[in-house]
Amino acid sequence: MTSQENNSTLVSVTNLRKQFGAAEVLKGVDLSVNKGQVVALIGSSGSGKTTLLRCLNLLDEPTSGRIEIAGRAIFDKSPDGTVNSKLREAEICAVRRSVGMVFQQFNLFPHMNVLNNVMEGPKMVLRENEATNRDRAMSLLEKVGMADFATRMPAKLSGGQKQRVSIARALNMQPQVMLFDEPTSALDPELVGEVLNAMIDLAREGMTMVVVTHELGFALDVADRVVFLDRGTIAADGPPDDVLLRSENERVRAFVSRFHTTAELMRPLLDL
C-alpha cells in the first residue's frame, strides 16, 4: 500500500445514478477518494465499474447525483431533473485535463510516433511551448521505460509497451487523479507485469489513482482501499485485507475465489 494518503478529499461522489435507457447501471453510489490514495474498483462484469469511472471525467454524463473534483462541483443534478450546477464546455474540458484516463485498448494515434502521441494533448489542448512539452514527455517516457522507443510507431509496439505509452500520455497532461479502466485486460499474461510495475511506481510517488481491475494481487498489495461494486451499488469498501481476505459478503467471497485462492492472493506482487 502507499504511504501518501492524507485527509484531503480529491474526488467526492454522492448518490450517483446512471441509466442507459431503462437499465439503471449505477444506483446511488457514494464514494470519496483522498489525495494520494489508490482505490481499486472490483466487481463482476456489468456491475458498473467502467460506467462509474467514465462518469468521473464526464465521458458519460450521469443521470443524477453530485461529483466534486478538488472541492469543485463538476456535476450536480437532482433525481427530479433539477440541475443544481452546470459547467460550460470550456470548464468541462478543464476538469478533464485534471483527470487522466488510461483505457483498456490504448487508443494511441496510429499515425504518430510514441513521442508525438505523448506530446499531442499539451500541444493541442494547452498550447504549451514545444520544448517544455518535449522535455516533460521524454521524462515521462523514461519513467515508464519507453524512452528508447520515442521514435517508434504504435504498430511496432507490444501491447504492454502501448499501455505504458498510454500512461505517459495521460500523465503529460499533469492530472490530479489518474483513472485506469482495466489497463491489463487486453494484454497477454507475460506483458501484464510491466504495466503493473509502472502503476506501482506511480502509487509510490503519491499519485491519486482509481483503478478498475481484476488483478487482485495488485489490489491487495498496492491499493489503500478496495471497493466492490455489485449490480450498481457499493457492496463493500475498506482496506484490501478486509475486503479480499476477510469479507463476510458472500458475493465478494465468490468473486475473489473465481480469480485467486487466499494463499495465492497473499503472495507478494511482482518485486514489491
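This is a short talk on one sheet and two sets of helix contacts in a predicted model.

I'll start with the sheet. Five strands make it up, and it is open, with the order β2-β1-β4-β5-β6. The pairing is antiparallel. Which strands stand at the edges? They are β2, residues 23-34, and β6, residues 83-85. Each has a single partner strand, so one side of each has no neighbour in the sheet. From one strand to the next, the twist averages 10°.

Now look at the β6 edge. Strand β5, residues 72-77, runs antiparallel to β6, and two bridges join them. If you want a place to find this pairing on screen, Lys-77 stands opposite Val-83 of β6.

Next, what lies across the sheet strands? Helix α1, residues 49-56, lies across β1, β2, β4 and β5. For reference, β1 is residues 9-20 and β4 is residues 64-69. The helix runs at about 120° to β1.

Last, a pair of helices. Two packed helices are described by the angle between their axes and the distance between the axes. Here the pair is α3, residues 114-126, and α5, residues 159-171. Their axes come within 7 Å and cross at roughly 30°. Angles under 35 degrees count as roughly parallel, so α3 is roughly parallel to α5. The crossing of α3 and α5 is right-handed.

Which residues make the contact? From α3 there are Val-114, Asn-117 and Val-118. From α5 there are Val-165, Ala-168 and Arg-169. Sorted by class, this contact has four nonpolar residues, one polar and one charged.

Terms used: Residues numbered from 1 in each chain as written. Predicted model: local features only at pLDDT ≥ 70, side-chain atom pairs only at ≥ 80, totals over all residues. Heavy atoms only, no water. Axes fitted to C-alpha atoms, helices over the stretch in contact; angles between N-to-C directions. Helix = DSSP H or I, 4+ residues; strand = E, 2+ residues; numbered from the N terminus. Parallel < 35°, antiparallel > 145°, perpendicular 65-115°, else oblique. Left-handed = near helix turned anticlockwise from the far one by under 90°. Contact = heavy atoms within 4.5 Å. Nonpolar A, V, L, I, M, F, W, Y, C, P; charged D, E, K, R; others polar. Pairing = 2+ DSSP bridges.
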